[in-house]
Amino acid sequence: MPDHAAKGRYSVVQHFAVAENMMRLTIESEGELPPYLPGQFLHIRVTDGSDHLLRRPISLCTASRIHKQFTVVYRISGKGTKLLADKRVGDTLDVLGPLGKGFPLHKGDRNVLLLGGGIGVPPMVELAKQLTIQGVKVTTIVGFQTASQAILIDDLSQYGEVLVATNDGSLGQKGFVTQYLTEERLAETDRFYACGPSPMLAAVQKATGEKAVGYLSLEERMGCGIGLCAACVHKAVMPDGSVGYRKVCKEGPVFAAEEVVFDV
Amino acid sequence: MPDHAAKGRYSVVQHFAVAENMMRLTIESEGELPPYLPGQFLHIRVTDGSDHLLRRPISLCTASRIHKQFTVVYRISGKGTKLLADKRVGDTLDVLGPLGKGFPLHKGDRNVLLLGGGIGVPPMVELAKQLTIQGVKVTTIVGFQTASQAILIDDLSQYGEVLVATNDGSLGQKGFVTQYLTEERLAETDRFYACGPSPMLAAVQKATGEKAVGYLSLEERMGCGIGLCAACVHKAVMPDGSVGYRKVCKEGPVFAAEEVVFDV
Amino acid sequence: MSKEVDLSVQIGDLQLKNPVMPASGCFAFGKEMAEWYDLSRLGAIMVKATTLEPRLGNPTPRVAETSGGMLNAIGLQNPGVEKVISEELPHLRQYEDLKIIVNVAGTAIDDYVETARRLSESGLADALELNISCPNVKCGGIQFGVDPTLAADLVRAVKQVTSVPLIVKLSPNVTDIVEMARAVEAAGADALSMINTLVGMHIDLEKRKPLIAIGTGGLSGPAVKPVAIRMIYQAAQAVRIPIIGMGGIMSGEDAIEYFMAGASAVAVGTANFVNPFACPEILDEIVAWCQGHGVERVRELTGAAWKEGEMPGA
Amino acid sequence: MSKEVDLSVQIGDLQLKNPVMPASGCFAFGKEMAEWYDLSRLGAIMVKATTLEPRLGNPTPRVAETSGGMLNAIGLQNPGVEKVISEELPHLRQYEDLKIIVNVAGTAIDDYVETARRLSESGLADALELNISCPNVKCGGIQFGVDPTLAADLVRAVKQVTSVPLIVKLSPNVTDIVEMARAVEAAGADALSMINTLVGMHIDLEKRKPLIAIGTGGLSGPAVKPVAIRMIYQAAQAVRIPIIGMGGIMSGEDAIEYFMAGASAVAVGTANFVNPFACPEILDEIVAWCQGHGVERVRELTGAAWKEGEMPGA
Ligand SMILES: Cc1cc2nc3c(=O)[nH]c(=O)nc-3n(C[C@H](O)[C@H](O)[C@H](O)COP(=O)(O)OP(=O)(O)OC[C@H]3O[C@@H](n4cnc5c(N)ncnc54)[C@H](O)[C@@H]3O)c2cc1C
Ligand SMILES: Cc1cc2nc3c(=O)[nH]c(=O)nc-3n(C[C@H](O)[C@H](O)[C@H](O)COP(=O)(O)OP(=O)(O)OC[C@H]3O[C@@H](n4cnc5c(N)ncnc54)[C@H](O)[C@@H]3O)c2cc1C
Ligand SMILES: Cc1cc2nc3c(=O)[nH]c(=O)nc-3n(C[C@H](O)[C@H](O)[C@H](O)COP(=O)(O)O)c2cc1C
Ligand SMILES: Cc1cc2nc3c(=O)[nH]c(=O)nc-3n(C[C@H](O)[C@H](O)[C@H](O)COP(=O)(O)O)c2cc1C
Ligand code: FES
Ligand code: FES
């Protein structure tokens, strides 16, 4: 089995609510952790039976190799995440991954911008951590519907300035994350990394345009999570330059921003 | 809701192995226990999801109104009972019942014979208890494949003599429970109560014949357990004297021995 | 307090106070369930298949569990139409506004017609459900269920002797459900109920033979819901008569899905076995869903998932 | 130590070292899975549907979860037969004794024939699987899958241009599976694979429209197993050609059930999504089951659940 393909049982060691319908889950491996990158996702079974067959993709939020722990933060949004939320400390979980292509780190970057919207915020934590370790200055812009849904601001603040936007203005500035993408800020940014709902990513792509290079992490419904089924495709520029469907689970979820094609 | 129709959630308070693949499970109600009779069964969901839809019928073994507890003893035989065996103390279970017609107790009986084979032994415990409380002298004959599968002999011994038969002679006498049904014993028996696999019950019916009256508790695969689906039928003499199919869940599982018709 | 939701629906000439009823064969003739709750909570009751003569049904085992569902092969066990009329139906009249829908099965046009005629004349059936789709008996009517011409002939014949609304229950074991739906509509059906069970099998590995005594059984439960939703979505847009939807309904949300696919009412089968209170709980959940989504009349939901411009019979 | 179990099976002229293979569309062209385990563990591999021209496939969402199963509407996304031959298949030749079965899809007889011809001539396909049953594309071959005459015509035409064994994949969305099986056998099919997916739908209640972008999708997973087992049990006794069984196989016991129903080999689809190691684990479980039950040759199990005297083609 190569480095990036791992299947394991993990024990739940922490599991608690961090905001309205948002849970923070820490799981621990018996053996060593498989290799991981910020932006990769864990593919989690929510039952052992055949009731909910498909795994749920949840981004890695942080990891600790020493403690053999992965942490994810997820929203209870449907039947599967509801079942997941019932798991108690001591229960075990069947997890694939971390899977997919994570956020590439570039030597020489000095200032980077992280953009997270809603449940796109979690992957920014491990990313901010790794960038900081490499001596990169990190600024994070996060957006939420409303204050009660805000997550991980404290975690992110450890690694640099955090700017907040909420749709209703109940926390930080009212509006979207893109309002912080001023000409000035983009000019001093070496690279950006974004994760969030499609409309946000499309807006980020538009706002950055020629002004900054960066990455977008996409979300699509998945069948397998490992490149077998072609369920998770998103329109993107193909290696040959044409526009086609690329697999988010295997070729992504992280794509170079300029490669991604959004239907308008 | 009438007395005999109850649906509730119970907490697991004890759950442990009592023999090879045999578990003893005690569950506790928050409120008062519903009414129960020996010979009735609990209809237990083994998952909350739609994976294993059907409930599993398990006979009441003993009950304690003061502790609000029911105890059952069951064999791990298939997928559902395997899942049931995974339940830990503190987990909750969705239970219907006790359901069905239990063993009728008759005033004036002085000597009764209980016959249990394999997983037909558990209902004899509550029956022996209630008979003893009414001052009836109880003799119990139990049969098992082999010594490692023997269950509940100590429990039953509290209420009178227990005679044991095993197919391989590893405990008690070698052979079947019917070997104990001597002319003499039947002559001094006011009534018998039997539960076990069909071949045993057919043998008991044959051996007792005109010599003793009693009851047989039948086992059939169930859909609903409450008389809706007609899955659980067994051939029996109908009220009008003809032979037809009667519902084991609702009209049984206990039938007068002479009513039951076995296909030979 | 939340707004009242108008639950009434119309199935042809049959006015139901609410759209939830137990499915045929999953509620016997109602007596057993009456011990659990007041049956007047139900919009209607679809009772067990009734045949001209008494039927003993199939040998056991008659049921098997499968992933997300179950197989059954009861085999139309019932006391015959005379006893159904004299002993099984009268007690149901005590429940206010509970419509009685009697499921009619048979082997040939003659016995179907005679059974339907007697039930219609009895005054104890508010509607008949023509079971042309029971997969569990040889000559049990399934040949009608998979052949549009035979089905239409049967519907026409039964229509002539009955004065109550005629609901035709379709089998999902066909290549073209729309063709079947259109055929029985053209022959005079007042409504459709769909779906009956899919034919399936489970093999007992130790015994090396089918677990169900007669071999095959009918698959029901959540496993079949996607097939039922698809068929109703297709059929409802091809006919003008209303549809009672069924197949794996376990919750209010499942029922809402059926409405959106094109059903006007729903029947609950297997769920009753899992939870005796399934029907009233599903009804409560429908109400809660409607209140949470600003839906004032449940009948507005029928066909809500159709593409713009797709109208029934259009 | 337990006895060795003879796992070899024969599908027409195709000799397989063991009876387990991934099902088409559930394993891409093998490259991704090769990162998880050594593909020589598999008896064969059924690769993704291949069409004459490249296909982009359907818009997303392409999958939905259902009780005990899933819906998919991928829409035959593939790079076209030329690229499949030049880029996708060659790497599979590195695996010892791994038979390559290429799933062929099309819209009309012509393109099916041309695709099959090129694959057969490439020397990279050990067998072809004719996909006449994909429910997820308009004109995607499903018309062939539900009409015995059309299916037979197609099989005859493809047979003329191919020299490798031809497996025909049947659709379960038909009234009479036996008629379909007989028709393609008579037309020259060397084997059958069954079943493809059942057509289903799931509605997104919040959006009030089908969740799958194109509306319907194909239902797979444990939910459909009873239907597949029943169809194989019926078809296997009506034809003489061997059957590769599929539909909801998640464990070795499921595979054994397929053998007993009449399959000679099994294909594993959805289970790969749940557990990447599904195929080798199922193979291990088959071995363990055989050892536990004194079965020396897995092929002895084929048809074990048939009634005495029921023999294939008899
Ligand atoms: C690469 C990736 C990373 C993600 N990271 C996170 C994260 O860190 N935190 C978080 O809260 N959520 C994350 N999501 C979204 C998360 O996967 C869905 O919210 C979750 O799968 C919903 O499952 P459910 O059981 O609640 O919903 P159900 O409706 O029961 O799910 C049914 C099926 O649909 C899929 N599905 C439903 N909604 C979505 C969705 N929005 N996106 C993808 N699949 C969906 C499910 O996976 C499942 O297969 C991520 C998604 C992807 C693709
Ligand atoms: C009235 C009654 C009382 C019973 N009391 C006891 C008891 O006290 N202790 C005990 O160990 N067993 C008892 N049984 C048998 C017990 O119900 C089965 O062993 C159990 O249902 C098997 O379930 P499973 O999940 O292990 O098997 P699975 O094979 O997963 O079950 C699949 C389905 O078949 C049914 N089924 C399988 N085997 C049987 C069987 N032998 N009898 C009835 N249904 C079956 C299951 O209920 C389920 O619906 C009783 C059965 C009945 C009818
Ligand atoms: C045990 C059982 C018995 C049934 N008997 C009948 C019947 O007599 N007549 C009929 O038309 N349908 C019968 N059905 C089919 C149901 O009415 C219903 O169409 C089917 O079960 C799908 O709904 P469900 O998934 O909610 O059970 C029966 C189903 C089951 C499970
Ligand atoms: C995502 C997905 C894609 C599929 N693609 C194809 C295909 O391209 N060609 C084909 O013949 N069958 C295809 N199938 C059907 C499977 O090969 C198989 O027949 C079906 O899924 C039943 O098996 P399962 O329940 O094990 O998945 C596909 C199934 C799935 C789930
Ligand atoms: S989810 Fe299967 S290919 Fe991406
Ligand atoms: S189990 Fe349903 S009637 Fe007895």
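This report covers two chain interfaces, a recorded binding site, several salt bridges and one buried asparagine in a predicted model.

## Chain B against chain A

Five residues of chain B meet five residues of chain A. The buried area between chain B and chain A is about 390 Å². Carbon and sulfur atoms give 18% of that area.

Two salt bridges link chain B and chain A. One of them pairs B:R88 with A:D91, with the closest N and O atoms 2.7 Å apart. On the side of chain B that touches chain A, three residues are charged, two are polar and none is nonpolar. Four residue pairs are in polar contact between chain B and chain A, with both residues of each pair at pLDDT 80 or more.

## Chain D against chain C

Here 38 residues from chain D contact 38 residues from chain C. About 3,300 Å² is buried between chain D and chain C. Carbon and sulfur atoms give 65% of it. In chain D, the residues that lose the most area to chain C are D:M201, D:L205 and D:R208. Together they account for 21% of what the chain D side buries.

There are zero salt bridges across the interface of chain D and chain C. Eleven residue pairs are in polar contact between these chains, both partners being at pLDDT 80 or more. Four elements of chain D each give two or more residues to the side that touches chain C: β11 (198-200), β13 (209-210), α6 (225-236) and α7 (252-261). By class, that side of chain D has 24 nonpolar, eight polar and six charged residues.

## The recorded binding site in chain A

An unreviewed UniProt entry places a "binding site" feature on chain A. The residues it lists are A:R56, A:P57, A:I58, A:S59, A:V73, A:Y74, A:R75, A:G80 and A:T81. Two of these listed residues, A:R75 and A:G80, are described below.

A:R75 lies in strand β6 (residues 69-75) of chain A. Is A:R75 buried or exposed? A:R75 counts as partly exposed because its relative accessibility is 32%. Beyond its neighbours within four places in sequence, A:R75 contacts A:N21, A:M22, A:T81, A:G118, A:I119 and A:Q149. Among these contacts, A:T81 is itself listed in the UniProt feature.

A:G80 lies in helix α1 (residues 79-85) of chain A. A:G80 counts as buried because its relative accessibility is 2%. With neighbours within four places in sequence set aside, A:G80 contacts A:V46 and A:R56. A:R56 also appears in the recorded feature.

## Salt bridges within chains

The structure holds 52 salt bridges over all chains. Side chains of opposite charge can pair when their charged atoms come close. A:R55 forms a salt bridge with A:D94, the closest N and O atoms being 3.1 Å apart. A:R55 sits in the loop between β3 (41-44) and β4 (56-59) of chain A, while A:D94 sits in strand β7 (residues 92-99). The two residues are 39 residues apart and link distant parts of the chain. Both A:R55 and A:D94 are buried.

A:D109 and A:R191 form another salt bridge, at 2.6 Å from N to O. A:D109 is in the loop between β7 and β8 (111-117) of chain A, and A:R191 is in strand β12 (residues 191-195). This pair links parts of the chain 82 residues apart. A:D109 and A:R191 are both buried.

In chain B, the side chains of B:R191 and B:D109 meet in a salt bridge at 2.7 Å from N to O. B:R191 lies in strand β12 (residues 191-195) and B:D109 in the loop between β7 (92-99) and β8 (111-117), so the pair ties together parts 82 residues apart in sequence. Both B:R191 and B:D109 are buried. In chain C, salt bridges with shared partners join C:E82, C:E114, C:R117, C:R118 and C:E121 into one network.

## C:N272 and its contacts

C:N272 is placed in helix α8 (residues 271-274) of chain C. C:N272 counts as buried because its relative accessibility is 0%.

Which residues does C:N272 contact, leaving aside its neighbours within four places in sequence? From chain B come B:I226 and B:L228. From chain C come C:P22, C:C26, C:F27, C:A278 and C:C279. The C-alpha atoms of C:N272 and C:M250 are separated by 8.7 Å, and the two residues are 22 residues apart along the chain.

Conventions: Residues numbered from 1 in each chain as written. Chains lettered and ligands numbered in written order. Predicted model: local features only at pLDDT ≥ 70, side-chain atom pairs only at ≥ 80, totals over all residues. Heavy atoms only, no water. Contact = heavy atoms within 4.5 Å. Buried area = accessible area lost by both parts, 1.4 Å probe. Salt bridge = Lys/Arg side-chain N within 4 Å of Asp/Glu carboxyl O. Polar contact = N/O pair within 3.5 Å; in protein donor to acceptor, adjacent residues only side chain to side chain. Nonpolar A, V, L, I, M, F, W, Y, C, P; charged D, E, K, R; others polar. UniProt positions renumbered as here; feature names shortened; annotations may be inferred. Buried < 20%, exposed > 50% of the residue type's maximum accessible area, 1.4 Å probe, protein only.
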